[in-house]
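Colleague: I have a chain on my screen and plenty of terms I would like to pin down. Could you walk me through the reasoning behind them?

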Amino acid sequence: MATHVTVDEHVRVRLPAPGWLAQLADVLIEHGTGADRARETAAAHPGALVVAVHHRDRCWLRCGAGGTVIELRGPACDGTWAALASLAHAWLVAGLPAEEFAHPSSSRSRRRADSASSDPERPAVV
C-alpha cells in the first residue's frame with residue numbers, strides 16, 4: 001500500500017509588516033473588509049498562497065494562485081482567522097481544491113484512523 005505524508009511548513013505574517021518580511025510570507029493576515037481587498041493584497045504579494053482579510057466576525061480568504069476568495073463568518077477573534085488561514089495553506093499544500101475549503105464534500109471525509117495516528121511518535125499517513 002502506497003502512503004503519502006504531507007508536512008506543511010509556512011511563514012505567516014500579519015500586516016502591516018516590513019516589505020521584505022511580507023514578501024517572504026506564504027500566508028498573510030490583515031485587518032480590512034471584502035473580497036476585493038483580499039485580491040489586492042494577494043496581487044501586491046504574489047508569493048503568498050493564502051491571504052486572510054478580516055473584520056470582526058467576517059474573514060475573506062484568498063486561496064491559491066487561481067484567486068478563489070472564500071467568505072467565512074465566525075467569532076470575532078484575530079487568532080481564529082490566523083489559524084484558519086494556516087489551515088487553508090495546509091489544505092492547499094495537500095492538493096485539495098480551494099473551492100472546497102469552506103464546504104468540503106462528504107466524499108473527502110474519512111475516519112480519524114485513516115489519516116492520523118494516536119501515537120505521537122508515529123506520523124500521520126494519508
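Modeller: Happily; what follows goes through the sheet, its helices, the cores and two single residues, and please keep in mind that this is a predicted model.

Colleague: Let's start with the sheet. What makes β1 (12–14) and β5 edge strands?

Modeller: The five strands form an open sheet in the order β1-β2-β3-β4-β5, with mixed pairing. β1 and β5 each pair on one side only, and they are the edge strands. On average, neighbouring strands are turned by 20° against each other, direction ignored.

Colleague: How do you know that β4 and β5 pair?

Modeller: Pairing takes at least two bridges between two strands, and β4 and β5 have six, in the antiparallel sense. Within that pairing, C63 stands opposite T68 in β5. β2 and β3 meet the requirement too: they run parallel and are joined by five bridges. There, L28 stands opposite V51 in β3.

Colleague: Why is β3 described as largely enclosed?

Modeller: Five of the six residues of β3 are buried, so the strand is largely enclosed by the rest of the structure. The helices are part of the picture. α2 (residues 35–44) packs on the sheet and touches β2, β3, β4 and β5, its direction making about 140° with that of β3. Helix α3 lies across β1, β2, β3, β4 and β5, at about 160° to β3.

Colleague: Why is H54 called buried?

Modeller: Buried means under 20% relative accessible area, and H54 has 1%, so H54 counts as buried. H54 lies in β3. Leaving aside neighbours within four places in sequence, its contacts include R14, I29, D78 and W81.

Colleague: And what makes the link between the side chains of H54 and R14 a polar contact?

Modeller: The cut-off is a pair of N or O atoms within 3.5 Å, and these two side chains come to 3.5 Å, which counts as a polar contact.

Colleague: How do you know that the buried residues of α2 line one face of the helix?

Modeller: The buried residues of α2 are A38, T41 and A42. Seen down the helix axis they fall within an arc of 100°, so they line one face. In general, an α-helix has 3.6 residues a turn, so residues three or four places apart point the same way. The cover over the buried residues of α2 includes β2, β3 and β4, while the face turned away carries the exposed D36 and A43.

Colleague: Which residues touch the most other members of the largest nonpolar core?

Modeller: V50, L61, C63, A85 and F101 do, in a core of 17 residues. β2 (27–31), β3 (50–55), β4 (58–63), β5 (68–73) and α3 (78–93) each supply at least two of its residues, and α3 gives the largest share, six. Take C63: apart from neighbours within four places in sequence, C63 is in contact with L49, T68, I70, A88, L92 and A98. There is also a second, separate core of eleven residues, A22, A25, A38 and W60 among them.

Colleague: One last puzzle: why is P97 called partly exposed?

Modeller: Partly exposed lies between the limits of 20% and 50%. P97 has 23% relative accessibility, so P97 counts as partly exposed. P97 sits in the loop between α3 and α4 (112–115). Although P97 and G64 are 33 residues apart in sequence, their C-alpha atoms are 8.8 Å apart in space.

Methods. Residues numbered from 1 in each chain as written. Predicted model: local features only at pLDDT ≥ 70, side-chain atom pairs only at ≥ 80, totals over all residues. Heavy atoms only, no water. Core = buried A, V, L, I, M, F, W, Y, C linked by side-chain atoms within 4.5 Å. Buried < 20%, exposed > 50% of the residue type's maximum accessible area, 1.4 Å probe, protein only. Helix = DSSP H or I, 4+ residues; strand = E, 2+ residues; numbered from the N terminus. Contact = heavy atoms within 4.5 Å. Axes fitted to C-alpha atoms, helices over the stretch in contact; angles between N-to-C directions. Arc of directions from axis to C-beta. Polar contact = N/O pair within 3.5 Å; in protein donor to acceptor, adjacent residues only side chain to side chain.
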